Each structure stands twice: as C-alpha cells, then as structure tokens.
Amino acid sequence: MGKVIASITTSVDGYVTGPDDGPELGLGKGGERLHYWVMGGPWTYDGGHEFAMHGPDKEFFDEVVATVGSGLVGRGMYDASGAWGGTNPFPGPLFVLTHRVEDQPAADAGFTFVSDLDDALAQARAAAGSGDVSVGGGADVIRQVLAAGQVDELVISTAPVILGAGKRLFDGFDRDVDLEVVKVYSSPYATHVRYTVAR
C-alpha cells in the first residue's frame, strides 16, 4: 500500500486562496500569484494560460506525482476549478468529497463523488493499488485528513506573496502534529517542502 500525500500551495501568511474564490476566480482575488510556479510564471484569469513548469518546480512536481495512483479533493476545489473542464486531468481516478453526490458526472469523466471521508479514502486507496493517494485540497479536506491521522506526507509549497485575506490552510486546526523535513526545492516562484508526518 502506498502513502497518503496531502499537498497544497500557500502564501507566506498561510492563505491558500485570496478573497472571493469561486468558479470565476478559482484562487480568489490575487490568488493566481500562488500558482505562478505551476504556470511557469505570471498569469491572469483573463488570459489563456498553460502548465509550463520548469526547473526546480517541475522537478518537485514530477517527483511527487510519479507515484500517485489516485487523488482526493473537496467539492470546493472541484467547483472552483470548473471541474477541470469536465475531465479529470490528474493521474488515476479522482474522488471528490461532497455532500451533494446526486450530481455525479458520467463515469468516463474520471470523477467519483463520495460523501464520507473514510469511505473516500478507502476507495482512493483501493484505486491507487500500490501507488500513493494524493489529497489535493482544499484546505478543509487537508485539515480533515490530517486530523484523522491519515496523512503520511504533507507537502506545502509556499509562494513568495502575502495575500492578507482569503482562506487559511490551518484555520481552526487544533491538533498537535510533528513533521520532519524530507526534501526542499526552491525557485523564484515557490519553496516546496516535503514533510513526513510523525505517528
């Protein structure tokens, strides 16, 4: 069985989105700066953009996804991304934690809606086989999985921006968790840190 790897990008002040995130502004106002590392440089919601990672950002991303067999995200992330245009863009099946399972898309889209966290993790683990399960957010899902003691590796990419408002990664999290730094990657757009979670 593989690991459960939770990964997300934050600002220096701990926000994973700017204010007013949603389908029109997936990362909120100003939040696109969090993902300059993903796009290979500055981008805006108004213009077309490509995934153009390079250098340490690409090395980091390639190493993390190389072992992924399935993924788990929350409904907020699914909706804010516009359901990724209706097709799962990630390696392996993607499980969406949601209370609204009745609007499950067609099976060939690559998404499975699940209403219970334990069930979603069990299905994601089964689908991943010997691969890893990637928990990709949003922040609430990562907090839930971490609080349940199910995260083996926490990966935080910190963008060199201060957003001042939005959604915080650890807002309301009241657990004591010890982490050990495994590897650090750094680029002009982010510092990526892979941590193992102490048991």
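Biologist: In what order do the 8 strands of the open sheet stand?

Modeller: This is a predicted model, and the arrangement of its strands is a good place to begin. The pairing within the open sheet is mixed, and its edge strands, S5 (111–114) and S9 (179–186), each pair on one side only. Neighbouring strands are turned against each other by 25° on average, with direction ignored. Read across the sheet, the order is S5-S4-S3-S6-S1-S7-S10-S9.

Biologist: In which sense do S3 and S4 pair, parallel or antiparallel?

Modeller: S3 covers residues 68–74, and S4 covers residues 94–97. Val73 stands opposite Val96 in S4. Over 4 bridges, the sense of the pairing between S3 and S4 is parallel.

Biologist: At about what angle does helix H2 run to S9?

Modeller: Helix H2, which spans residues 55–65, lies across S3, S7, S9 and strand S10 (191–197). Another helix, H5, also packs on the sheet, where it touches S1, S3, S4, S6, S7 and S10, and its direction makes about 140° with that of S1. For H2 and S9, the angle is about 135°.

Biologist: Does Phe61 count as buried, partly exposed or exposed, and what is in contact with Phe61?

Modeller: Phe61 lies in helix H2, and its C-alpha atom is separated by 12 Å from that of Phe90, which is 29 residues apart from it along the chain. Because its relative accessible area is 31%, which falls between the 20% and 50% limits, Phe61 counts as partly exposed. Leaving aside neighbours within four places in sequence, the residues in contact with Phe61 are Trp37 and Met53.

Biologist: Which residues have the most contacts inside the largest nonpolar core?

Modeller: The largest nonpolar core has 26 residues, and strand S1 (4–11), strand S4, helix H4 (117–128), strand S6 (132–135), helix H5 (139–147) and strand S7 (153–159) each supply at least two of them. A second, separate core of 12 residues includes Ile5, Trp37, Val64 and Tyr185. Inside the largest core, the residues with the most contacts are Leu72, Val135, Ile142, Val145 and Leu169.

Biologist: Which residues does Ile142 touch, not counting those up to four places away in sequence?

Modeller: Ile142 is one of the residues with the most contacts inside the largest nonpolar core, and Val135 and Leu169, which are also named among those residues, are among the residues that Ile142 touches. The full set is Ala6, Ser7, Ile8, Val135, Gly136, Gly137, Leu154 and Leu169.

Biologist: Is Ser70 buried or exposed?

Modeller: Ser70 has its place in strand S3, and beyond its neighbours within four places in sequence it is in contact with residues including Pro91, Phe95, Ala124, Asp132 and Ser134. Its relative accessible area is 0%, which is under the 20% limit, so Ser70 is buried.

Biologist: Which residue has the backbone nitrogen that the side chain of Thr17 reaches?

Modeller: Thr17 is found in strand S2 (residues 15–17), and with a relative accessible area of 7% it is buried. Among the residues in contact with Thr17, beyond its neighbours within four places in sequence, are Gly26, Leu34, Leu163 and Gly166. The backbone nitrogen that its side chain reaches, at 3.3 Å, belongs to Lys167.

Biologist: What distance separates the C-alpha atoms of Val114 and Arg75?

Modeller: Val114 is found in strand S5 and counts as buried, at 4% relative accessibility. Leaving aside neighbours within four places in sequence, Val114 is in contact with residues including Phe95, Val96, Leu97 and Gln123. Arg75 is 39 residues apart from Val114 along the chain, and the separation of their C-alpha atoms is 9.8 Å.

Biologist: Why is the pair of Tyr78 and Trp84 described as edge-to-face?

Modeller: The structure holds 9 aromatic pairs. In the pair of Tyr78 and Trp84 the ring centres are 6.3 Å apart and the planes stand at 70°, and since planes over 60 degrees apart fall in that class, the pair is edge-to-face. Phe170 and Phe173, by contrast, form a tilted pair, with 5.8 Å from centre to centre and 55° between the planes. The deciding value for Tyr78 and Trp84 is therefore the angle of 70°.

Biologist: Which residues do ring pairs link into a cluster?

Modeller: Tyr78, at 8% relative accessibility, counts as buried, whereas Trp84, at 22%, counts as partly exposed. Both belong to the cluster, whose members are Tyr78, Trp84, Phe90, Phe111 and Phe113.

Notes: Residues numbered from 1 in each chain as written. Predicted model: local features only at pLDDT ≥ 70, side-chain atom pairs only at ≥ 80, totals over all residues. Heavy atoms only, no water. Phe/Tyr/Trp six-rings, centres within 6.5 Å; stacked < 30°, edge-to-face > 60°. Buried < 20%, exposed > 50% of the residue type's maximum accessible area, 1.4 Å probe, protein only. Helix = DSSP H or I, 4+ residues; strand = E, 2+ residues; numbered from the N terminus. Contact = heavy atoms within 4.5 Å. Polar contact = N/O pair within 3.5 Å; in protein donor to acceptor, adjacent residues only side chain to side chain. Core = buried A, V, L, I, M, F, W, Y, C linked by side-chain atoms within 4.5 Å. Pairing = 2+ DSSP bridges. Axes fitted to C-alpha atoms, helices over the stretch in contact; angles between N-to-C directions.
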